[in-house]
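Let us take a friendly walk through the empty spaces and the bound molecules of a protein model. Keep the structure open beside you as you read.

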Amino acid sequence: MKNILVYLEIDNNKIKRVSLEAATAAYNLAKSLGAKAIGVAITAQKEIAAKAKEYGLDEIIMVNPPAEGNSSLAVARIVAETAKKESAGCVLFSANATGLETAPRVAVKLEAGYVADCIALQAEGEDITAKKPVYGGKAIAKVKVNTPVKVFSLRPNVFTAAVNPKESEIKEAQISLAAEDFAAKVNKVMKNEGKLDVLEADIIVSGGRGLKEAANYNLIENLAKAMGGAVGASRAVVDAGWRPHSEQVGQTGKTVSPSLYVACAISGAIQHLAGMNGSKYILAINKDKDAPIFKNCDYGLVGDVFEILPKLTEKVGG
Amino acid sequence: MNILVCVARVPDTASRILVAGDGKSIEKQGIKFIVNPYDEFALEEALRLREKNGGTVTAITVGEDISTDVLRTSLAMGVDKAILIKGEEPRDSYYVAKNIANVAKEINPDLILLGKQSVDFDSLQLPSMLGELLGMPSVSVVSALEIKDNQITAERDIEGGKEQVTAKLPAIISAQKGLNDPRYPKLPDIMKAKAKPIDTREAEKTEPMISVISLEIPSRNRLGKVMEATDANIDEIVRLLHVEAKVI
Ligand SMILES: Cc1cc2nc3c(=O)[nH]c(=O)nc-3n(C[C@H](O)[C@H](O)[C@H](O)COP(=O)(O)OP(=O)(O)OC[C@H]3O[C@@H](n4cnc5c(N)ncnc54)[C@H](O)[C@@H]3O)c2cc1C
Ligand SMILES: Nc1ncnc2c1ncn2[C@@H]1O[C@H](COP(=O)(O)O)[C@@H](O)[C@H]1O
């Protein structure tokens, strides 16, 4: 079997946790297929790349960050060229912003079939099959890639990053880039400082129209803070302008899979459920005992959010 | 400026999805099909750019005869031309991308607009794939777009914020919600759109790069412990979150 290559994305001088999830998936696939698991990271600092040793990769390849700047086209070139050099039969990405933008280009460069946003990967003989949510999470498709080289991106938070320390070899590699690899370039990054993104959170507390007005969202923020989670929202709340679209959970918002999702004064419309039904546990709070959300929850409290949320926040925090 | 907008035909988001008899596709009976919601943002952006800079907007879809309906909707919203690439129902993104790329090579658009994903198979790959096939830069999941003197400045969503990306035309952009508020087609325009010509072409067949083996409806058996919100029950829920779910 040909090797498994995983893209290790660096952010803030660290390999992103979602990339370590993908590294673990690469390790597991390599083990079942009797192949090597190889990571590629764009960094000049060995200490940063070395972190991946803990996740069982056989080799870690470091490529110098290009002087021209940051471009997903350049990332695609680097990963695709590395895949060719290392005769990779499978390339893994996290299905985060970078992975989703980059992976299809890598697939075209390698004449590979690509499956995005996978929630399971399985080696079956020489083949690899993947499961991915479709129709906004209303169904799960099991798919197979028919090309010799296969590319997958993995939904964040679904695969666990498991420690399997190894004395991985760390190598440096040179990849030559052309002007066309910088035809789209990142100019500026605007981070919402100190705010945890729903896609990266293990706990999400979301509010719905039943909160009545934007100011009442402090109840949601307080509970999220007490639980160490992120703030999410239903579309009704985003459309009303109370919260930014980046917080919208659902079929036309973000698809999340935290350990705990708390839905406060959200009715549980099918488009909302599609975005959060991958959560491990769901706690619903609604004053209407017949709200559809109660048919799709693990825990439910029937009552007024304005009374329940302060109490819950105090009890969780205490 | 000449703009090509890619439009996908997808089940209405309110649809209940059931698996068809073959075990790998959905039961289409009773499902209403619509323009992919993200493609409405792409269409709207194209129309606004035309209103500002002049030019032509062409909508394109790859699908069966029945996909004409999304082209009619696009015409009713105001696009100038519509192209149907007719063939079997698309089974993988490469087939769609290849066929759109064929047309793009012929009409040389300055800008290709798409949605960030189609809410049927959620393939999440056409914009970058098309970019690679055409040797064009692409920026995906864009919620703000500015074009001046052939220079694009686009804001795209990333984890915990946004990034600003620059590129030169010709380029590809995929639309995220927030880019604009799509217009509703007016009744007279819907009527007029029915009579407009649709340029229909035969699709080029490709070998499927991926195949669906099976489709299943996820059935997660939720615990369903729903109770009145008395103080004692709130305590109980907190306890369960600690000891049963072990999530806090
Ligand atoms: C194309 C399309 C895409 C969509 N995409 C999404 C999406 O991505 N995400 C999404 O969320 N929606 C989406 N929707 C919208 C969806 O159909 C619902 O309209 C929306 O989710 C409703 O939001 P809500 O639950 O906050 O509001 P409502 O449905 O109005 O529910 C409010 C709830 O609050 C409860 N309530 C009121 N007061 C209190 C109180 N004091 N205490 C406790 N409970 C209270 C009520 O009982 C009710 O259940 C989409 C719709 C379409 C057509
Ligand atoms: N069959 C199709 N015909 C035309 N455009 C499509 C088709 N399928 C997808 N697209 C476009 O590609 C975007 C991304 O879709 P996808 O990569 O399939 O998730 C959609 O929002 C559409 O703009």
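On a 1 Å grid laid over the protein atoms alone, a cavity is a set of points where a 1.4 Å probe fits but cannot get out, while a pocket is an open set with protein on both sides within 12 Å along at least five of seven lines; a lining residue has an atom within 4 Å of a point. Grid points are joined across faces, edges and corners, and a volume is the space filled by probe spheres set on those points. Rolling a probe the size of a water molecule over the atoms shows where empty space is left.

A word on what you are looking at: this is a predicted model, in which local features need pLDDT of at least 70, side-chain atom pairs count only at pLDDT 80 or more, and totals for chains, interfaces and linings use all residues. Residues are numbered from 1 along each chain as its sequence is written, chains are lettered from A and ligands numbered from 1 in the order in which they are written, and side-chain values use heavy atoms, with hydrogens and water left out.

Let us begin with the closed spaces. The structure holds four cavities of 30 Å³ or more. The second largest has a volume of about 90 Å³, and its lining includes L100(A), E101(A) and P104(A) as well as K116(B) and L124(B). To talk about stretches of chain, we use helices (H or I, at least four residues) and strands (E, at least two), which are DSSP runs numbered from the N terminus. With three residues, α4(A) provides the largest share of this lining. In the classes used here, Ala, Val, Leu, Ile, Met, Phe, Trp, Tyr, Cys and Pro are nonpolar, Asp, Glu, Lys and Arg are charged, and the others, Gly among them, are polar. By that scheme, the lining of the second largest cavity has five nonpolar, four polar and two charged residues.

Now find the largest cavity, whose volume is about 550 Å³. Its lining counts 30 residues, and L100(A), L199(A), T255(A), K116(B) and Q117(B) lie nearest its centre. Two elements give two or more residues to this lining: α4 (97-109) of chain A and β8 (151-158) of chain B. Of the elements, β8(B) gives the most, with three residues. Sorted by class, the lining of the largest cavity has 12 nonpolar, 10 polar and eight charged residues.

Next come the open spaces. Which pocket does ligand 2 take up? Ligand 2 occupies the space of the largest pocket (a molecule sits in a cavity or pocket if more than half of its atoms lie within 2 Å of its grid points). That pocket contains about 1,200 Å³ of space. Of the 46 residues that line the largest pocket, E89(B), P90(B), R91(B), D120(B) and F121(B) lie nearest its centre.

Look at ligand 2 itself. It is surrounded by 20 residues, the closest being C6(B), D39(B), S118(B), L124(B) and L126(B); a residue is near a molecule if one of its heavy atoms lies within 4 Å of it. The largest share of this shell, three residues, comes from β4(B). The shell around ligand 2 divides into 12 nonpolar, seven polar and one charged residue.

Some neighbours of ligand 2 make polar contacts (pairs of N or O atoms within 3.5 Å; within protein, one must be able to donate a hydrogen and the other to accept it, and residues adjacent in sequence count only if both atoms are side-chain atoms). A backbone N or O atom of C6(B) is 2.7 Å from an oxygen atom of ligand 2, and a side-chain N or O atom of S118(B) also lies 2.7 Å from an oxygen atom of the ligand. The protein covers 95% of the 480 Å² of accessible area that ligand 2 has on its own, with areas from the Shrake-Rupley method and a 1.4 Å probe; for residues, only the protein chains shown count as cover.

Finally, turn to ligand 1, which lies between chains A and B. The space taken by ligand 1 is the second largest pocket, with a volume of about 980 Å³. Among the closest of the 27 residues surrounding ligand 1 are S234(A), T252(A) and N286(A). A backbone N or O atom of R235(A) lies 2.9 Å from an oxygen atom of ligand 1, and a side-chain N or O atom of H272(A) lies 2.8 Å from an oxygen atom of ligand 1. The protein covers 80% of the 990 Å² of accessible area that ligand 1 has on its own.
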